[in-house]
Amino acid sequence: MNSALSYLAADPELAQPVAAGWQLVLAALAGIALIVVLITITKLHPFLALIFGALAVGVVAGENVGTVLESFGDGFGSTAASVGILIALGAMFAKLLADSGGADEIVDTIVGHASPRALPWAMALVGAIIGLPMFFEIGLVLLMPVIYLVARRSQLSLITVGIPALAGLSVMHGLVPPHPGPLTAIGLLNADLGVTLALGVLVAIPTLILAGPLFGTLAGRWVVLDAPDRFTTTEPSSSGGGTTATGSGPGTATETATETRVRPSFGITIFSVLLPVALMMGKALADIFIEDEENPVRVAFDILGRPLMALLIAVVVGMFTLGLGAKMTRDQIVKSVETSLPPVAGIILIVAAGGGFKQVLVDTGIGTLLAEWAKGANVSVILLAWVLAVLIRLATGSATVATITASSLMLGLVEGMSTGEVSLVVLAVGAGSLFFSHVNDAGFWLVKEYFGMSVGQTIKTWSIMETVLSVAGLIFVLLLGLVI
């Protein structure tokens, strides 16, 4: 099932190689190497690095610069039109969830009902739920005060409590749409979003158990840390009287400043978070189990379960269930939605530029060449996708760049694969993009500083946790591949 030969089918629409095989390989390696150098050494923004990388691929392959720019523009535009819109809508919903207090409600409800022994499991669940609609960095900043508080009250190591929460955030970031990484791979490889979402959840659950509560308990013995006091110290308020706590979690400034605001209930919040997921998975299930394309149920889910419509519905519903549910005024809701977009503008540009880079690779025919080379070899496409993503992740430190580049190189190899098999390749790329976060990854330093660890301690905890996520994710994807 995993042989590249079994997937390969003749497709006249595949771009034919524009140069000799060795030249195309050299072009792809030159483009990737340039991106790595520009991001890691010169610290150039990935958006610009991807543009220069695309130009390098085209020039080394012997293409006209005008043709390369045209290819890049086509890929940029199509990716921005598809994935970019979804990222923007996801950011709007996440901001509503945070500003309304819905995220705090999820945290307090789940953690508040957990026994000390169950706290690592509860924190993993909190991280996964918060991580479903939110970007990793936002979820981390939101959860850190809670991690401190739970560690302090339970007298457990900060690592024992924190690693499961980080695992929940990270596994959603790498494997489950609507995060930019999985969405980008889905778009580049033309995978079915609903099927990928369903399979992603199946892979994410056991992966999270291994890398979260189980590994977190072990890591908590390697590195024992007490929660720092930065979120519990009090400072004079700006009005000149009284004190206020710093931070953004239970018992901190956010709660103090909004203590008069009524939070949306736990049930309403969970309903709001899971609504787009249910709609997209509903479409996938309707497509599988309802053969009649004119069936009203299938027609309804075909519209409501489209990613754009599902997330648009989630944002509109969230304005009422989360915004009005928290007694936010109309102006506050509008401001929350508006302020969600600037932080993700850079992500949208990077993802769109990745689409342009992909199109340049496709138009040179490198994908067709790789597919032909894999024809006679017993190569696992899933394993190859994972390895490519791992190598680029290690080199650049960027999960998004790893996802974009690995997906681009796999495009010729997924021709002829079934819908489920393409989704598994997407998940393999996502798992590989999480592998061993280290010093060239901004997330590494974010975790290090928030947890107050040394570089060595961060590697022994966070970096190994990411590696466990990546390897376990690959294993479960391969196991699913045996039955799909």
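Analyst: Start with a definition: a crossing of two helices is right-handed if the near helix is turned clockwise from the far one by less than a right angle, and left-handed if anticlockwise. One caveat before we look around: this is a predicted model.

User: Okay, let's try that out. In which hand does α18 pass α22?

Analyst: The crossing of α18 over α22 is right-handed.

User: And how do people describe a helix pair in general?

Analyst: With two values: the angle between the axes and the distance between them. For α18 and α22, the axes cross at roughly 165° and come within 10 Å. That angle makes the two helices roughly antiparallel, since anything over 145 degrees counts that way.

User: Which residues of α18 and α22 make the contact?

Analyst: On the α18 side you'll find Ile-382, Leu-383, Trp-386, Val-390 and Arg-393. Facing them from α22 are Glu-466, Ser-470, Val-471, Leu-474, Val-477 and Leu-478. Sorted by class, that contact has eight nonpolar residues, one polar and two charged.

User: Now for another pair. At what angle do helix α7 and helix α21 pack, and how far apart are their axes?

Analyst: Helix α7 covers residues 136-154 and helix α21 covers residues 442-451; they pack at about 20°, with axes 11 Å apart. So α7 and α21 are roughly parallel to each other, the cut-off for that label being under 35 degrees. The crossing of α7 with α21 is right-handed.

User: Which residues in α7 meet α21?

Analyst: Glu-137, Leu-140, Val-141, Met-144 and Tyr-148 do, and their partners in α21 are Leu-446, Val-447, Tyr-450 and Phe-451. The class count for this contact is eight nonpolar, one charged and no polar.

User: On to empty space. What separates a pocket from a cavity?

Analyst: A pocket is open, while a cavity is a space where the probe fits but cannot get out. The largest pocket here has a volume of about 880 Å³. Its lining counts 36 residues, and those nearest the centre are Glu-137, Ser-398, Thr-400, Asp-441 and Ala-442. Several helices give two or more residues to that lining, including α2 (21-40), α8 (158-175), α18 (381-396) and α22 (455-481).

User: Which element gives the largest share of the lining of the largest pocket?

Analyst: That's α16, with six residues. Taken by class, the pocket lining has 19 nonpolar, 12 polar and five charged residues.

User: How many cavities of 30 Å³ or more does the structure hold?

Analyst: Three. The largest one has a volume of about 80 Å³, and it's lined by Gly-90, Phe-93, Leu-132, Pro-133, Pro-178, Val-273, Pro-276, Val-277 and Leu-311. Both α4 (65-99) and α12 (266-289) supply at least two of these residues, with α12 giving the largest share, three residues.

User: How do the residues lining the largest cavity divide by class?

Analyst: Eight are nonpolar, one is polar and none is charged.

User: What about the second largest cavity: what is its volume, and which residues line it?

Analyst: The volume is about 70 Å³. The lining is made up of His-173, Gly-174, Pro-180, Gly-181, Pro-182, Ala-399, Thr-400, Thr-403, Gly-430 and Ser-433. Helices α8, α9 (180-189) and α19 give two or more residues each. By class, this lining has seven polar residues, three nonpolar and no charged.

User: I noticed Thr-400 came up before.

Analyst: Good catch: Thr-400 is among the residues nearest the centre of the largest pocket, and Thr-400 also lines the second largest cavity.

Note on methods: Residues are numbered from 1 along each chain as its sequence is written. This is a predicted model: local features need pLDDT of at least 70, side-chain atom pairs count only at pLDDT 80 or more; totals for chains, interfaces and linings use all residues. Side-chain values use heavy atoms; hydrogens and water are left out. Axes are lines fitted to C-alpha atoms, for helices over the stretch in contact, and angles run from 0 to 180 degrees between N-to-C directions. Helices (H or I, at least four residues) and strands (E, at least two) are DSSP runs, numbered from the N terminus. Angles under 35 degrees count as roughly parallel, over 145 as roughly antiparallel, 65 to 115 as roughly perpendicular and the rest as oblique. Contact means heavy atoms within 4.5 Å. Ala, Val, Leu, Ile, Met, Phe, Trp, Tyr, Cys and Pro count as nonpolar, Asp, Glu, Lys and Arg as charged, and the others, Gly among them, as polar. On a 1 Å grid over the protein atoms alone, a cavity is a set of points where a 1.4 Å probe fits but cannot get out, and a pocket is an open set with protein on both sides within 12 Å along at least five of seven lines; lining residues have an atom within 4 Å of a point. Grid points are joined across faces, edges and corners, and a volume is the space filled by probe spheres set on the points.
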